[in-house]
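Grab a pencil and work through a few short exercises. Try each task yourself before you read its solution.

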Amino acid sequence: MSKKKRTKNILLVIVVGVILFVVLNIGTYVISGKNVIEYFRADKKTELNGIWNELKGGRGQSVTIDNYTIALEGYLFEDKTNDGYVCFSVKRKGYDMRDETAGEIKIFGQDGIFGENNRFMIDVVGTRMSDTIFIKEKDIMYIYYKFDVDNYEEFSNEILLCDSKTGGKDWRYRDNAIYIYELEDNIDDLSELESKYAKE
């Protein structure tokens with residue numbers, strides 16, 4: 001290939017690259033309000049609205065399994081609706097939590113799946129829906145978990161931590177849960193607080 005042709009090909013690749021970048025920027029900005037670089041650098045914390053700052057203490061509920069320590073950091077729970085917002089912290093001794101497996105799959109409709117080989121699952125018996133956001137930092141991972149209970153008869157103010165590695169074939173059931181976090185009613189009107197932050 002002649003030098004002239006090679007130069008033309010390089011210029012063509014550069015032009016196509018610039019056009020693609022511009023098109024991606026416009027599309028991303030229309031959808032998210034951010035340019036491509038901002039979109040991919042955006043901290044997942046931007047997905048959290050102010051209601052998560054209102055969480056109250058988790059009363060020291062924590063468990064260590066192998067090299068994982070999983071603690072209830074805080075929560076909001078309304079007994080009359082059985083709906084809540086919960087934050088867990090996960091530490092793994094000697095491990096960079098930015099590399100932790102988290103939220104890649106769903107099991108039984110639940111997306112609170114994390115840990116090596118997707119071994120752990122956060123589950124609330126009787127929920128019709130849950131939303132999970134994982135925030136990974138070097139030494140710690142936070143799990144922000146929102147749940148809405150549909151089947152009140154099955155629910156008993158508990159969040160199960162299930163472990164497929166040690167729980168046996170029925171690892172997801174309450175009797176085989178590796179740990180149970182207990183919730184107490186700690187807010188009078190959760191919907192009012194949700195309305196306060198709905199516009200964020």
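**Exercise 1: the surface**

Work out how much area the chain exposes, and what share of it carbon and sulfur atoms supply.

Solution. Keep in mind that you're looking at a predicted model. Start with the total: the chain exposes about 12200 Å². Next, take the share: carbon and sulfur atoms supply 51% of that area. Then turn to the inside: of the 200 residues in the chain, 40% are buried.

**Exercise 2: the layout**

Count the helices and strands, then read off their order along the sequence.

Solution. The count comes to 3 helices and 10 strands. Now walk along the chain, and you get α-α-β-β-β-β-β-β-β-β-β-β-α. For contacts, take residues at least 6 apart in sequence: 54% of the contacts between them join residues at least 24 apart.

**Exercise 3: an open sheet**

Find the order of the strands in the open sheet of 4 strands, and say which ones are at its edges.

Solution. First, the order is β5-β6-β9-β10, and the pairing is antiparallel. Second, look for strands that pair on one side only: these are β5 (113-114) and β10 (179-182), the edge strands. Third, zoom in on β6 (residues 120-123) and β9 (residues 158-163), which are antiparallel and joined by 4 bridges. Here Phe 120 has Asp 163 of β9 standing opposite. As background, strands of a sheet pair through backbone hydrogen bonds, either parallel or antiparallel.

**Exercise 4: a pair of tyrosines**

Decide whether the rings of Tyr 142 and Tyr 144 are stacked, edge-to-face or tilted.

Solution. A search of the whole structure turns up 11 aromatic pairs. For Tyr 142 and Tyr 144, the ring centres are 6.4 Å apart and the planes meet at 40 degrees. Stacked needs under 30 degrees and edge-to-face over 60, so at 40 degrees this pair is tilted. What about cover? Tyr 142 has 22% relative accessibility, so it counts as partly exposed. Tyr 144 has 14%, which is under the 20% cut-off, so Tyr 144 counts as buried. Phe 147 and Phe 155 make a tilted pair too, 6.2 Å centre to centre with 45 degrees between the planes. Both of these Phe residues are buried.

**Exercise 5: more rings**

Which residues form one aromatic cluster with Tyr 142 and Tyr 144? And which ring has the charged end of Arg 92 over it?

Solution. The cluster takes in Trp 52 and Tyr 85 along with Tyr 142 and Tyr 144. As for Arg 92, its charged end sits over the ring of Tyr 95, 4.0 Å from the ring centre.

Notes. Residues are numbered from 1 along each chain as its sequence is written. This is a predicted model: local features need pLDDT of at least 70, side-chain atom pairs count only at pLDDT 80 or more; totals for chains, interfaces and linings use all residues. Side-chain values use heavy atoms; hydrogens and water are left out. Helices (H or I, at least four residues) and strands (E, at least two) are DSSP runs, numbered from the N terminus. Buried means under 20% relative accessible area, exposed over 50%, partly exposed in between (1.4 Å probe, protein chains only). Contact means heavy atoms within 4.5 Å. Accessible areas come from the Shrake-Rupley method with a 1.4 Å probe; for residues, only the protein chains shown count as cover. Rings of Phe, Tyr and Trp (its six-membered ring) pair if their centres lie within 6.5 Å; planes under 30 degrees apart count as stacked, over 60 as edge-to-face and the rest as tilted. A charge sits over a ring if NZ of Lys or CZ of Arg is within 6 Å of the ring centre and within 35 degrees of the ring normal. Two strands pair if DSSP finds at least two bridges between them.
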